[in-house]
Amino acid sequence: MNFIKNSIFKRKPDEDTPEPSTSDCSGVLAVWGSPGSGKTTVAVKLAKHLADHKKNVALVFADMTAPMLHCVCPSSALECDRSLGSILAAAHVTEPLVKNNCVTLKKNPHLILLGLKSGENEYSYPPCDQQQVTELIASLRELTPYVIIDCGSYIASDILSAVSIMEADSVLRLINADAKSASYFDSQLPLVQGNLSDADKLYKVGSNLKPNQAVEQLGGMAFRLPYSYELEEQFLAQDLLADLCLKDGKAFQKEIARISKEVFGV
Ligand SMILES: Nc1ncnc2c1ncn2[C@@H]1O[C@H](COP(=O)(O)OP(=O)(O)OP(=O)(O)O)[C@@H](O)[C@H]1O
Ligand SMILES: [Mg+2]
């Protein structure tokens, strides 16, 4: 991957960052966090929440090491099998190219998905650089009012996730109540600090929090997503687009609704 650390993690001094409009809550959300913190789960549930409210939303799976498109819902639910790789392989990423290569769902007209196909990896396509990712995000902004990007954790070698975190209007920073998660952010936060488009929109989110865990050690959190057995079962059943009906599932869903209200106003 043609990733040059200093060029990716550096905003150009003359770069014009548009002022976010207070009335317009649409935009791009990057879901970032330590490995296994719940990024994909949260990204899917937020996208489902918006789609359930009849908002058009694009969900991008940036993970190139374990393509997630076919892990979050049954393949039979998808209308087609297309790849994000075909988009990022183009010299220029345009809105029609994105539109022609996103995956639609048979029963959910408000949600489009973008990700690698099963069996693909980052070397299945020619390498992309910052320009293609920036064009992808700009095209998605034109296509749908709401864009959610499920980022990978290895941002130093993952250009799609790194640029998404820096270009997003809001970033969720998922942290588990364990030493590994804290160590991850000690290591990786310096890479992005000072390079986010709007540092005020970086939300620290406790994720997969179990009742027996000492959450105080995490410090201030904007949101706390509880552990849910029902959610864990949905993940195992590759059925994250299903509704949550049990008590612990509903507690998780309630916090997802709070996040959506804060970030998107929906
Ligand atoms: N709130 C929760 N309640 C129960 N299980 C959860 C919760 N959040 C995440 N999990 C579980 O944690 C595991 C990791 O979740 P997920 O794949 O969403 O994390 P991730 O951050 O995307 O991981 P990766 O770094 O591999 O991309 C899954 O088994 C998932 O079911
Ligand atoms: Mg993931």
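Me: Over its 18 residues, helix H9 (residues 247–264) should span 26 Å at 1.5 Å a residue; how far apart are its end C-alpha atoms?
Reply: Happy to start there, bearing in mind that this is a predicted model. The expected span is 1.5 Å times one less than the number of residues. For the 18 residues of H9 that comes to 26 Å, and the model agrees, with the end C-alpha atoms 25 Å apart.

Me: On which side of H9 are Lys247, Lys254 and Lys261 exposed, relative to its buried residues?
Reply: Let's begin with the buried residues of H9, which are Gly249, Phe252, Gln253, Glu255, Ile259, Ser260, Val263 and Phe264. They cover an arc of only 160 degrees around the axis, so they sit on the same side of H9. Lys247, Lys254 and Lys261 are exposed on the other side.

Me: Which elements do the buried residues of H9 pack against?
Reply: The buried residues in question include Phe252 and Ile259. Their packing partners are both strands and helices: S1, H2, S5, strand S6 (170–175), strand S8 (223–226) and H8.

Me: What phi does Gly265 take?
Reply: Gly265 comes just after H9. The sign of its phi is positive, and the value is about 75 degrees.

Me: What do the buried residues of H5 pack against?
Reply: Good one to look at in the viewer. The buried residues of H5 are Gln132, Val133, Glu135, Leu136, Ile137, Ser139 and Leu140. They pack against strand S1 (27–33), strand S2 (57–61), helix H3 (84–88), helix H4 (95–100), strand S5 (146–150) and helix H6 (159–167).

Me: Is Asn121 buried or exposed?
Reply: Asn121 lies in the loop between strand S4 (111–114) and helix H5 (130–143). A residue counts as exposed if 12 or fewer other C-beta atoms lie within 10 Å of its own. Asn121 has 12 such atoms, so it is exposed.

Me: Which residues does Asn121 touch, leaving aside those up to four places away in sequence?
Reply: One of them is 56 residues away in sequence, yet 6.1 Å away in space, C-alpha to C-alpha: Thr65. With that one included, the residues that Asn121 touches are Met64 and Thr65.

Me: Which elements each supply at least two residues of the shell around ligand 1?
Reply: The shell has 19 residues, and the closest are Gly38, Lys39, Thr40, Thr41 and Phe235. By class, six are nonpolar, ten polar and three charged. The elements that each supply at least two are helix H2 (39–52), strand S7 (202–209) and helix H8 (229–236).

Key. Residues numbered from 1 in each chain as written. Chains lettered and ligands numbered in written order. Predicted model: local features only at pLDDT ≥ 70, side-chain atom pairs only at ≥ 80, totals over all residues. Near = placed C-beta within 6 Å. Helix = DSSP H or I, 4+ residues; strand = E, 2+ residues; numbered from the N terminus. Nonpolar A, V, L, I, M, F, W, Y, C, P; charged D, E, K, R; others polar. Buried ≥ 20, exposed ≤ 12 C-beta atoms within 10 Å, placed from the backbone. Contact = placed C-beta atoms within 7 Å. Arc of directions from axis to C-beta.
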